[in-house]
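I opened this notebook to record what I looked up in one structure. The entries follow the order in which I took up each topic.

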Amino acid sequence: MSATHLFLPAPAAAFGEVAMGLRIARELVAQGDRVLFLAGADVALLFEGTGVTHRAVDADVLSLEPVVPRLIERERCASLTLVDVASVYLTLDPIGVDLGFLESLAVPVIA
(Lines give C-alpha, C1' and ligand atoms only; values in the text may rest on other atoms or scores of the structure.)
Protein backbone atom coordinates (compact mmCIF):
# COMPACT_ATOMS: atom_id res chain seq x y z
CA MET A 1 0.00 0.00 0.00
CA SER A 2 1.42 3.37 -0.95
CA ALA A 3 1.39 6.42 1.29
CA THR A 4 1.55 10.16 0.72
CA HIS A 5 4.18 12.17 2.56
CA LEU A 6 4.28 15.94 2.94
CA PHE A 7 7.67 17.70 3.01
CA LEU A 8 8.19 21.25 4.25
CA PRO A 9 11.52 23.07 4.00
CA ALA A 10 12.10 26.68 5.03
CA PRO A 11 10.24 28.48 2.24
CA ALA A 12 12.70 31.26 1.37
CA ALA A 13 14.78 30.05 -1.61
CA ALA A 14 15.79 26.88 0.20
CA PHE A 15 17.78 25.26 -2.61
CA GLY A 16 20.08 23.31 -0.28
CA GLU A 17 17.27 22.13 1.94
CA VAL A 18 15.14 21.12 -1.02
CA ALA A 19 18.03 19.22 -2.62
CA MET A 20 18.63 17.40 0.68
CA GLY A 21 14.94 16.58 1.09
CA LEU A 22 14.63 15.44 -2.51
CA ARG A 23 17.11 12.65 -1.89
CA ILE A 24 14.73 11.14 0.66
CA ALA A 25 11.63 12.02 -1.37
CA ARG A 26 12.94 10.28 -4.49
CA GLU A 27 13.60 7.13 -2.47
CA LEU A 28 10.02 7.17 -1.21
CA VAL A 29 8.72 7.65 -4.77
CA ALA A 30 10.91 4.75 -5.95
CA GLN A 31 9.18 2.58 -3.34
CA GLY A 32 5.78 3.53 -4.73
CA ASP A 33 4.87 6.30 -2.29
CA ARG A 34 3.77 9.80 -3.23
CA VAL A 35 5.56 12.91 -2.00
CA LEU A 36 4.10 16.40 -1.94
CA PHE A 37 6.73 19.09 -1.36
CA LEU A 38 5.69 22.57 -0.16
CA ALA A 39 8.43 24.97 -1.24
CA GLY A 40 8.92 28.35 -2.84
CA ALA A 41 8.18 28.81 -6.53
CA ASP A 42 11.82 29.69 -7.21
CA VAL A 43 12.95 26.11 -6.53
CA ALA A 44 10.43 24.50 -8.92
CA LEU A 45 13.14 23.50 -11.39
CA LEU A 46 14.63 21.12 -8.82
CA PHE A 47 11.52 18.94 -9.03
CA GLU A 48 11.59 18.37 -12.79
CA GLY A 49 11.82 14.67 -13.59
CA THR A 50 11.86 13.57 -9.93
CA GLY A 51 8.34 12.18 -9.61
CA VAL A 52 7.88 14.46 -6.60
CA THR A 53 4.92 16.86 -6.64
CA HIS A 54 5.84 20.48 -5.89
CA ARG A 55 3.34 22.99 -4.60
CA ALA A 56 4.48 26.60 -4.38
CA VAL A 57 3.88 27.89 -0.88
CA ASP A 58 4.85 31.54 -1.41
CA ALA A 59 1.33 32.96 -1.05
CA ASP A 60 0.53 30.72 1.94
CA VAL A 61 3.69 31.23 3.98
CA LEU A 62 2.05 33.33 6.68
CA SER A 63 -0.94 30.99 6.92
CA LEU A 64 0.80 27.62 7.19
CA GLU A 65 -0.99 26.89 10.46
CA PRO A 66 -4.35 26.23 8.74
CA VAL A 67 -2.93 25.28 5.32
CA VAL A 68 -0.76 22.35 6.43
CA PRO A 69 -3.42 20.49 8.48
CA ARG A 70 -5.99 20.93 5.69
CA LEU A 71 -3.50 19.66 3.12
CA ILE A 72 -2.60 16.67 5.29
CA GLU A 73 -6.29 15.81 5.61
CA ARG A 74 -7.17 16.42 1.94
CA GLU A 75 -4.19 14.48 0.57
CA ARG A 76 -4.42 11.79 3.30
CA CYS A 77 -0.76 12.27 4.20
CA ALA A 78 0.92 9.68 6.39
CA SER A 79 3.64 12.03 7.65
CA LEU A 80 5.06 15.53 7.61
CA THR A 81 8.81 15.93 7.19
CA LEU A 82 10.40 19.22 8.22
CA VAL A 83 13.42 19.44 5.94
CA ASP A 84 16.12 20.95 8.13
CA VAL A 85 14.01 21.67 11.19
CA ALA A 86 16.35 24.43 12.38
CA SER A 87 15.89 26.34 9.11
CA VAL A 88 12.13 25.86 9.24
CA TYR A 89 11.91 27.30 12.75
CA LEU A 90 14.51 30.04 12.21
CA THR A 91 12.74 31.21 9.06
CA LEU A 92 9.08 30.92 10.05
CA ASP A 93 9.08 31.85 13.73
CA PRO A 94 10.51 35.39 13.23
CA ILE A 95 7.88 36.22 10.61
CA GLY A 96 5.08 35.27 13.00
CA VAL A 97 4.15 31.74 11.93
CA ASP A 98 3.07 29.92 15.10
CA LEU A 99 4.57 26.47 14.66
CA GLY A 100 2.86 25.14 17.77
CA PHE A 101 0.25 23.58 15.48
CA LEU A 102 2.81 20.93 14.52
CA GLU A 103 2.35 19.28 17.92
CA SER A 104 -1.36 18.67 17.32
CA LEU A 105 -1.17 17.13 13.84
CA ALA A 106 -2.75 13.71 13.38
CA VAL A 107 0.38 12.41 11.59
CA PRO A 108 3.98 11.93 12.72
CA VAL A 109 6.18 14.99 12.26
CA ILE A 110 9.70 14.00 11.22
CA ALA A 111 12.65 16.34 11.39
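Entry 1. Against which elements do the buried residues of α3 pack? I worked on a predicted model. I found that the buried residues of α3 pack against two strands and two helices by name: β1 (4-9), α1 (15-30), α2 (64-75) and β4 (77-83).

Entry 2. I then looked up which residues these are. Helix α3 covers residues 85-92, and within this helix S87, V88 and L92 are buried. Viewed down the axis of α3, these buried residues fall within an arc of 105°, so they line one face of the helix.

Entry 3. I turned to the chain as a whole. I counted three helices and five strands in the protein chain. Their order along the sequence reads β-α-β-β-α-β-α-β. The radius of gyration is 13 Å, close to the 13 Å that the globule rule gives for 111 residues, so the protein chain is as compact as a globular protein of that length. For the extent of the C-alpha trace along its principal axes, I noted about 35 × 30 × 20 Å.

Entry 4. I next checked burial and contacts. Of the 111 residues, 44% count as buried. Taking contacts between residues at least 6 apart in sequence, I noted that 65% join residues at least 24 apart.

Entry 5. My last topic was the surface and the charges. The protein chain exposes about 5,900 Å², of which carbon and sulfur atoms supply 54%. I recorded 7 positive and 14 negative side chains, with the centres of the two sets 9 Å apart.

Terms used
Residues are numbered from 1 along each chain as its sequence is written. This is a predicted model: local features need pLDDT of at least 70, side-chain atom pairs count only at pLDDT 80 or more; totals for chains, interfaces and linings use all residues. Side-chain values use heavy atoms; hydrogens and water are left out. Buried means under 20% relative accessible area, exposed over 50%, partly exposed in between (1.4 Å probe, protein chains only). Helices (H or I, at least four residues) and strands (E, at least two) are DSSP runs, numbered from the N terminus. The arc is that of the directions from the helix axis to the C-beta atoms. Contact means heavy atoms within 4.5 Å. The radius of gyration is taken over C-alpha atoms; the globule rule is 2.2 Å times the number of residues to the power 0.38. Accessible areas come from the Shrake-Rupley method with a 1.4 Å probe; for residues, only the protein chains shown count as cover. Lys and Arg count as positive and Asp and Glu as negative; His and the chain ends are not counted. The place of a charge is taken as NZ of Lys, CZ of Arg, CG of Asp or CD of Glu.
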